Amino acid sequence: MSNLKIIVVSILAILVAMMVVQNQEPVTTHLLLATVVMLHVVLLFITAAAGFALGALLRLNTRRK
């Protein structure tokens, strides 16, 4: 089972790396009242990091119960 997790995580990491390389153009992001222009790759990284952090927090929360 451990090898399966390593394989799945490796495949996901490769897919994320491919998306990052292909998305280098700037995008405009509207967040509440602010408008921010950033590279698409930065937006993808922020989104992935936020998802990882939320998943880790939920995992810690379920372990304590």
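Colour the model by pLDDT, the predictor's confidence in each residue from 0 to 100: among the elements of the protein, helix 2 has the lowest mean, 86, and strand 2 (residues 34-39) the highest, 92. Over the whole protein the mean pLDDT is 87, with 95% of residues at 70 or more. The model is predicted, and local features need pLDDT of at least 70, side-chain atom pairs count only at pLDDT 80 or more, and totals for chains, interfaces and linings use all residues. Residues are numbered from 1 along each chain as its sequence is written, and side-chain values use heavy atoms, with hydrogens and water left out.

Next, switch to a cartoon of the whole chain. The protein has two helices and two strands, taken as DSSP runs numbered from the N terminus (helices are H or I, at least four residues; strands are E, at least two). Along the sequence the pattern reads α-β-β-α. The radius of gyration, taken over C-alpha atoms, is 16 Å, well over the 11 Å that the globule rule gives for 65 residues, so the protein is more spread out than a compact globule. That rule is 2.2 Å times the number of residues to the power 0.38. Turn the C-alpha trace onto its principal axes and the spans are about 40 × 30 × 10 Å.

Now show the surface. About 5,800 Å² is exposed, and carbon and sulfur atoms supply 74% of it; the areas come from the Shrake-Rupley method with a 1.4 Å probe, and for residues only the protein chains shown count as cover. Of the 65 residues, 5% are buried. Buried means under 20% relative accessible area, exposed over 50%, and partly exposed in between (1.4 Å probe, protein chains only).

Select Leu-32, in the loop between strand 1 (26-31) and strand 2. Leu-32 has a positive phi of about 55° although it is not a glycine. With 84% relative accessibility, this residue counts as exposed.

Move to helix 1 and pick Met-18. Its relative accessible area is 43%, which is partly exposed. From Met-18 to Thr-47 is 29 residues in sequence and 16 Å in space, C-alpha to C-alpha.

In helix 2, select Leu-43. This residue is also partly exposed, at 24% relative accessible area. A C-alpha to C-alpha line from Leu-43 to Val-20 covers 9.8 Å, with their positions 23 residues apart in sequence.

Finish at the largest pocket. Select Val-16, Met-19, Val-20, Leu-44, Phe-45, Thr-47, Ala-48 and Ala-49, which line it. Helix 1 (2-22) and helix 2 (40-64) are the elements that give two or more residues to this lining. Helix 2 supplies the largest share, five residues. A pocket here is an open set of points on a 1 Å grid over the protein atoms alone, where a 1.4 Å probe fits, with protein on both sides within 12 Å along at least five of seven lines; lining residues have an atom within 4 Å of a point. The volume is about 150 Å³, counted as the space filled by probe spheres set on the points. Colour the lining by class: seven residues are nonpolar, one is polar and none is charged. Nonpolar covers Ala, Val, Leu, Ile, Met, Phe, Trp, Tyr, Cys and Pro; charged covers Asp, Glu, Lys and Arg; the others, Gly among them, are polar.
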